[in-house]
Every structure is written in C-alpha cells, then in structure tokens.
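I opened the model to look up a few residues, one helix and one pocket. My notes follow in the order I made them.

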Amino acid sequence: MNEKLVIAILAAGKGTRMNSEIPKVLHEVNGKSMIQHVINTAYKLSPFKIISIVGFKKELVMENLTNFDIEYVIQKTQKGTGHAVEQCRDKTKDINGNILVLSGDVPLISKKTLSSLINVHCRNNSEASLISAKLANPFGYGRITRNSKGNFKGIIEHKDANENELLINEINAGIYIFNIRTLFEKLTLINNDNKQNEYYIGDVLNFIDSNKISIIKTSNSKEILGVNNLEQLNEINE
C-alpha cells in the first residue's frame, strides 16, 4: 500500500518574547514571513497534504497564507506542542502513512535535511524519527539523552534538566516524523507534569520502543535555529 506524507506545521504560538502584537510566525526573514519559508520547503517534499495549526490571531496567519493550498486546524488554548498536533487527529485518521512535524518559526530548515530524515525513517521502518544537532551553546533547547549503546533514550527540556543533563550539547531540533497511527495512539499517554505544564510532542517518544526510533544529526546547526526573540530574528536575517 502506498504510504502518504502529511506535513503539520506548528503556528499557534503568540511568541511573547517577540514584544509584538503579531503572531510569531508572521515575523519576516528576507522579506517573507517565517511560516511562508517553511511552507515553501514543505511543498518541495511533495506531501499528500499540509496542515497548519493556528491559534493566536489565527485570521492574520491565514490571511498571510491565502496563496497556499493548505488546511487548517485550530488550537484554541496553547497547551504545548503535543496538544497542538492532537488537533490534527481528525484530518489524518484515515491516512496510511507518516506525519512530519515542523515549526513555523524555524525558517531555514532545508529540503535536503528533511529528505534525509524521511529517507532514514522509511529505510529503518521506524515508528518515529527526529533531527538533532550539536551546539556549542545549547541553552534553551531540549537535550537528547542516549543509553550506554548510544541509542536514543529520551528528551529532557531545558527547564526540566538537572546539572548533568544541562552539560549535554546534543539538542533536539523539534522536527519529527511519526507513523500516523503510532503517533495518535501514543499521544493519549503523555501528560503535562513538567515546569511549563505543557504537553510536549517529544514525550510521545517515551512510549515507543527505542529500537523503532531513528535520529539524524544535521551538521548545519544554523538551519534548525528557532526564533524566540528579536535578537534571534535579526541573527537569522543576517
């Protein structure tokens, strides 16, 4: 049976640290909104469908994307990335395939890296796969922990990490691909017992056999940079 690729783009956040009244994903990089850059890259992967998860000032986001052939779901309250992706359940329930989860505020991600992620995921027959990177300064990012064999063990968010975990410099880029059926089965198992009281999509991996999880490491750490404040926006524009 032909497996289809669905792409879900997280775009519901307010971005409080941007000190702006417009949704974070609408801030511009090189003359285009960040989410437009992400969608343009998503199109290059020839997906079955693209779903944008909108929330804060959703009308502005949808207006910015009128020229794109995408579907929308609404996250009425921001309860984390896991809760955001849960909103896609109905639009994907009859699809046999994989769902690639991207962030609307990571505008430099390349087709090459995403294609590598998809290829490794499919070749290994994985249930879930993700992108990591080694950063000299991993502040603010979730850390990837590995077992004694070097295989994936878990993701610890920065705010939940202890002193030893904060020394880890392999970070989670926040870009995942899941088998659709597996994702929505396991999403019901995660909780929000963390410092942010949010449902993290990365916590789904705790309920998947680590042998069924693949990681690809990007050597170009700039492409996975997210934008959380104006300083980071300026950096990415440069």
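**Entry: His-158.** I began with the contacts of His-158 in this predicted model. Leaving out residues up to four places away in sequence, His-158 touches Pro-138, Phe-139, Gly-140, Tyr-141, Gly-142, Arg-143 and Leu-166. With Arg-143 there is also a polar contact, side chain to side chain, at 3.0 Å. I then checked where His-158 sits. It is in the loop between strand S9 (152–156) and helix H6 (163–166). Is His-158 buried or exposed? I read a relative accessible area of 18% for His-158, and the cut-off for buried is under 20%, so His-158 counts as buried.

**Entry: Ser-33.** Next I went to strand S3 (residues 32–33), which holds Ser-33. Ser-33 has 2% relative accessibility and counts as buried. Which side chain does the side chain of Ser-33 meet in a polar contact? I found Asn-64, at 2.7 Å. Asn-64 also appears in the contact list of Ser-33, together with Val-25, Leu-26, His-27 and Glu-28, with neighbours within four places in sequence set aside.

**Entry: helix H1.** I moved on to H1, which spans 34–43. How many of the ten residues of H1 are buried? I noted eight, so the helix is largely enclosed by the rest of the structure. The buried residues are Met-34, Ile-35, Gln-36, His-37, Val-38, Ile-39, Thr-41 and Ala-42. I kept one rule in mind here: in an α-helix there are 3.6 residues a turn, so residues three or four places apart point the same way.

**Entry: positive phi.** I looked up two residues with positive phi that are not glycines. Ser-46 has a phi of about 50 degrees. Ser-46 lies in the loop that runs between helix H1 (34–43) and strand S4 (49–54). With a relative accessible area of 62%, Ser-46 is exposed. Asn-125 has a phi near 55 degrees, and it too is a residue other than glycine. I placed Asn-125 in the loop between helix H5 (111–123) and strand S7 (128–134). Asn-125 is at 52% relative accessibility; exposed means over 50%, so Asn-125 counts as exposed.

**Entry: Ile-99.** Strand S6 (residues 97–103) contains Ile-99. I read a relative accessible area of 0% there, and Ile-99 is buried. How far apart are the C-alpha atoms of Ile-99 and Val-6? I got 4.7 Å, for residues 93 apart along the chain. Val-6 is among the residues that Ile-99 touches. The others are Ala-8, Thr-92, Tyr-176, Ile-177, Phe-178, Ile-180 and Leu-183, not counting residues up to four places away in sequence.

**Entry: Ala-173.** I found Ala-173 in strand S10 (residues 170–179). Ala-173 is at 9% relative accessibility and counts as buried. Beyond residues up to four places away in sequence, Ala-173 touches Ile-131 and Ile-224. I also checked Ala-173 against His-37. The two are 136 residues apart in sequence, and their C-alpha atoms are 17 Å apart in space.

**Entry: second largest pocket.** I noted a volume of about 160 Å³. Which residues line the second largest pocket? I listed Arg-89, Thr-92, Lys-93, Ile-95, Asn-96, Gly-97, Asn-179, Ile-180, Arg-181 and Phe-184. Thr-92 and Ile-180 in that lining are also contacts of Ile-99. Helix H4 (89–92) and helix H7 (180–186) each give at least two lining residues. H7 has the largest share, three residues. By class, I recorded three nonpolar, four polar and three charged residues in the lining.

**Entry: whole chain.** I finished with the overall values. The protein chain has eight helices and eleven strands. Its C-alpha trace spans about 50 × 45 × 35 Å along the principal axes. What radius of gyration does the protein chain have? I read 17 Å, which agrees with the value near 18 Å for a compact globule with 238 residues. Of the 238 residues, 52% count as buried. I also looked at contacts between residues at least 6 apart in sequence: 71% of these join residues at least 24 apart.

Technical notes: Residues are numbered from 1 along each chain as its sequence is written. This is a predicted model: local features need pLDDT of at least 70, side-chain atom pairs count only at pLDDT 80 or more; totals for chains, interfaces and linings use all residues. Side-chain values use heavy atoms; hydrogens and water are left out. Helices (H or I, at least four residues) and strands (E, at least two) are DSSP runs, numbered from the N terminus. Buried means under 20% relative accessible area, exposed over 50%, partly exposed in between (1.4 Å probe, protein chains only). On a 1 Å grid over the protein atoms alone, a cavity is a set of points where a 1.4 Å probe fits but cannot get out, and a pocket is an open set with protein on both sides within 12 Å along at least five of seven lines; lining residues have an atom within 4 Å of a point. Grid points are joined across faces, edges and corners, and a volume is the space filled by probe spheres set on the points. Ala, Val, Leu, Ile, Met, Phe, Trp, Tyr, Cys and Pro count as nonpolar, Asp, Glu, Lys and Arg as charged, and the others, Gly among them, as polar. A polar contact is a pair of N or O atoms within 3.5 Å; within protein, one must be able to donate a hydrogen and the other to accept it, and residues adjacent in sequence count only if both atoms are side-chain atoms. Contact means heavy atoms within 4.5 Å. The radius of gyration is taken over C-alpha atoms; the globule rule is 2.2 Å times the number of residues to the power 0.38.
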